[in-house]
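Let's take a walk through this fold, going from the sheet to the helices and then into the core. Have the model open as you read.

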Amino acid sequence: MREYEFVYVIQPDATAEREAEIHQRIDQVVSDHKGRLLLRDDWGKRRLAYEIKKFQKGHYFQVNFLGLGKEIAEIERLMRIDADVLRYLSVQANDDVRDIETRVVEAAKRERAGGVIDEDDDDARFRSDDAGRDRYGRDDDEDEE
């Protein structure tokens with residue numbers, strides 16, 4: 001299975017019931033395709049970098065889930081036709097999750113921490129690989145041009 005991150009922005013004036021309906025649609029698609037929801041993170045209402053549909057703010061959400069990839073097209077189709085969704089982005093976070101139960105436990109631990117990653121977290125995506133080099137292989141002291 002693969003792990004996906006899906007971030008979407010809902011209109012700031014959408015009701016809590018409407019937001020719950022959008023969340024339910026995503027959850028339903030993931031479960032219909034035999035995926036597994038890992039984490040839903042509410043980032044809150046934030047100012048947009050640029051105006052979208054005459055809105056200057058949006059309510060941001062992130063969903064992490066495990067799946068085979070077929071659900072991405074359906075989730076994006078639902079987001080595209082929903083008038084309350086301003087923007088969305090899906091990213092493949094990990095292309096081969098072998099130990100699903102361990103990943104579920106890690107996601108639950110992260111959710112309890114409020115989405116904050118501690119320095120002793122084992123997830124390599126959120127820390128540097130070795131001293132002096134970031135995760136992209138660049139040295140910290142290299143001059144940027």
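Here is a short tour of how the pieces fit together. Keep in mind that this is a predicted model.

**The sheet**

What is the strand order in the sheet? Reading across, you get S2-S3-S1-S4, an open sheet of 4 strands with antiparallel pairing. Strands S2 (36-52) and S4 (85-94) sit at the edges with a single partner strand each, so one side of each has no neighbour in the sheet. From one strand to the next, the twist averages 20 degrees.

Have a look at S1 (residues 2-10) and S4: their antiparallel pairing runs over 8 bridges. Val 7 is a handy landmark here, as its bridge partner in S4 is Leu 89.

**The helices**

Two helices pack against these strands, as follows.

| Helix | Residues | Strands touched | Angle |
|---|---|---|---|
| H1 | 16-32 | S1, S2, S3 (55-67), S4 | about 160 degrees to S1 |
| H2 | 70-81 | S1, S3, S4 | about 165 degrees to S4 |

**The core**

In soluble globular proteins, nonpolar side chains tend to be buried together. In this model the largest nonpolar core has 17 residues, and those touching the most other members are Phe 6, Tyr 8, Ile 22, Ile 26, Phe 65, Ile 75 and Met 79. S1, H1, S3 and H2 each give two or more residues to this core.

Which residues does Ile 22 contact, leaving aside its neighbours within four places in sequence? The list is Tyr 8, Ile 10, Met 79, Asp 82, Asp 84 and Val 85.

Conventions:
Residues numbered from 1 in each chain as written. Predicted model: local features only at pLDDT ≥ 70, side-chain atom pairs only at ≥ 80, totals over all residues. Heavy atoms only, no water. Pairing = 2+ DSSP bridges. Axes fitted to C-alpha atoms, helices over the stretch in contact; angles between N-to-C directions. Contact = heavy atoms within 4.5 Å. Core = buried A, V, L, I, M, F, W, Y, C linked by side-chain atoms within 4.5 Å. Buried < 20%, exposed > 50% of the residue type's maximum accessible area, 1.4 Å probe, protein only.
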